[in-house]
Amino acid sequence: MSPRAGSAGSHTLAFVESPVQLLNVLEWAHTQAHSAAAAPGAGLTLVVLSPNDPMTRGQLRRMAELARDEGHTVRWEEARGGTTAPFHTIGGLAPLLRRARRIVMGDPFSRYVQLLLTITRAQDLVVVDDGTATMEFVAQLARGERLVRWHRRGGRPGPRDVLFAPVSASARRRLTPSDRRKVEVFSSMPIESAPDGVRITANDFSWTRARFGPPRITKGADLVGTSLVETGVVDPDRYLEAVRALARTHGATRYFAHRRESVDKLHRLAVETGLEIVRPDLPLELIARRGPIGRTILSFPSTVVHTLPLALVGTDVRVAVCDIDPSWLTENASPRAQGFLSGVTGTARDVHRLSAVSAV
């Protein structure tokens with residue numbers, strides 16, 4: 001087995017449900033390998049709790065190949081392959097969970113992950129970035145609140161929420177550090193209010209920069225898509241108008257789609273804006289680092305306004321972020337949506353901030 005695999009420590013289980021989470025587990029393992037405190041061991045086992053979305057599955061399979069190349073063990077679980085799949089998945093993982101000394105997770109809001117936390121005896125827990133959701137997770141943990149994704153806050157809990165509440169409460173207690181339990185957050189996000197005892201470790205994308213690039217840089221601009229329409233936060237017509245205005249103003253020619261964007265929306269964007277729609281097979285940080293990539297990358301408030309400047313450090317690429325105008329929000333958007341999105345933009349480092357474009 002590769003020396004790189006052992007450096008993440010023995011009996012370490014990592015649970016991921018998205019390509020970005022898997023990328024950040026690799027970044028964490030790379031940091032562990034170069035730490036003075038790195039312990040020799042049998043390596044990291046990555047458990048992929050596979051979703052049903054084809055785009056996400058494709059990116060996860062590519063990321064799993066990269067993880068195997070790094071010497072890590074990958075276990076692919078069809079965790080959502082029917083009504084009995086969760087029982088088979090949890091039953092099969094239970095022996096590993098009971099033996100694990102450390103659990104690494106990409107999404108502490110995930111009901112799957114929260115359920116798995118009730119089985120493990122591990123006293124060393126690590127949360128790696130799941131994008132901007134990490135900021136909200138740490139803030140909620142500090143305030144002692146129940147763990148709820150930011151775009152769902154303000155709504156009334158549904159029957160499933162009520163049924164699952166004891167498991168969620170148990171997970172929150174497990175993720176609170178104590179004399180017997182260590183909790184680490186490995187993040188590239190700006191975290192200002194971490195609870196006492198939570199160790200924050202910076203993710204500077206050193207593995208990505210060592211593994212890929214430097215990229216070839218083109219003269220034009222590229223635009224990064226977002227799933228804010230799909231999550232019910234932004235009105236689809238306003239979003240399309242904003243994309244059209246951004247592309248016209250900055251001369252963008254390519255649109256890198258978020259893996260959750262719908263096919264119908266992307267088709268409409270292509271027809272009405274003339275942009276070339278690119279559906280990446282890897283997280284954008286790796287796509288940008290491999291290149292070719294535009295000299296300017298345009299984005300709405302999202303994780304990439306924090307991660308791309310780190311992945312592209314030392315290049316001449318400029319990342320510019322466009323604010324979300326309050327008038328773009330849907331009537332069903334969480335009351336916290338505007339403040340959260342503004343915070344994502346305002347706390348980003350090394351980006352150029354654009355005013356909300358005029359949708360015409």
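**Exercise 1. Aromatic pairs**

Find how many aromatic pairs the whole structure holds, then work out how Tyr239, Phe300 and Trp328 are linked.

*Solution.* A search of the whole structure, which is a predicted model, gives four aromatic pairs.

Step 1. One of them joins Tyr239 and Phe300, with 5.2 Å from centre to centre and 45° between the planes. Planes under 30 degrees apart would count as stacked and over 60 as edge-to-face; this pair is tilted.

Step 2. Place the two residues in the chain. Tyr239 belongs to helix α9 (residues 236–250) and Phe300 to the loop between β11 (293–299) and α12, so the pair ties together parts 61 residues apart in sequence.

Step 3. Take the rings of Phe300 and Trp328. Their centres are 6.2 Å apart and their planes stand at 80°, so this pair is edge-to-face. It links distant parts of the chain: Phe300 lies in the loop between β11 and α12, and Trp328, 28 residues away, in the loop between β12 and α13 (337–346).

Step 4. Combine the pairs: Tyr239, Phe300 and Trp328 form a cluster linked by ring pairs.

**Exercise 2. Burial of two rings**

Decide whether Phe300 and Trp328 are buried or exposed.

*Solution.* Buried means under 20% relative accessible area. Phe300 has 1% relative accessibility and therefore counts as buried. Trp328, at 2%, also counts as buried.

**Exercise 3. Helix α3**

Check the span of helix α3 (residues 54–69) against the expected value, and state what its buried residues pack against.

*Solution.* Step 1. The expected span is 1.5 Å times one less than the number of residues. For the 16 residues of α3 this should give 22 Å; the end C-alpha atoms are 23 Å apart, which agrees.

Step 2. The buried residues of α3 include Met55, Leu60, Met63 and Leu66. The buried residues of this helix pack against α2 (19–33), β2 (44–49), β3 (73–77), α8 (206–211) and α11 (284–290).

Step 3. After α3 comes Gly71, with a positive phi near 95°.

**Exercise 4. Thr315**

Locate Thr315 and list the backbone atoms that its side chain reaches.

*Solution.* Step 1. Thr315 is in the loop between α12 (304–311) and β12 (318–322).

Step 2. A polar atom of its side chain is 2.7 Å from the backbone oxygen of Leu312. The Thr315 side chain also reaches the backbone nitrogen of Val317, at 3.3 Å.

Step 3. Apart from neighbours within four places in sequence, Thr315 contacts Pro215, Ile217 and Arg289.

**Exercise 5. Charges over rings**

Which rings lie under the charged ends of Arg61 and Arg211?

*Solution.* The charged end of Arg61 sits over the ring of Trp76, 3.9 Å from its centre. That of Arg211 sits over the ring of Phe212, 5.3 Å from its centre.

Notes: Residues are numbered from 1 along each chain as its sequence is written. This is a predicted model: local features need pLDDT of at least 70, side-chain atom pairs count only at pLDDT 80 or more; totals for chains, interfaces and linings use all residues. Side-chain values use heavy atoms; hydrogens and water are left out. Helices (H or I, at least four residues) and strands (E, at least two) are DSSP runs, numbered from the N terminus. A polar contact is a pair of N or O atoms within 3.5 Å; within protein, one must be able to donate a hydrogen and the other to accept it, and residues adjacent in sequence count only if both atoms are side-chain atoms. Contact means heavy atoms within 4.5 Å. Buried means under 20% relative accessible area, exposed over 50%, partly exposed in between (1.4 Å probe, protein chains only). Rings of Phe, Tyr and Trp (its six-membered ring) pair if their centres lie within 6.5 Å; planes under 30 degrees apart count as stacked, over 60 as edge-to-face and the rest as tilted. A charge sits over a ring if NZ of Lys or CZ of Arg is within 6 Å of the ring centre and within 35 degrees of the ring normal.
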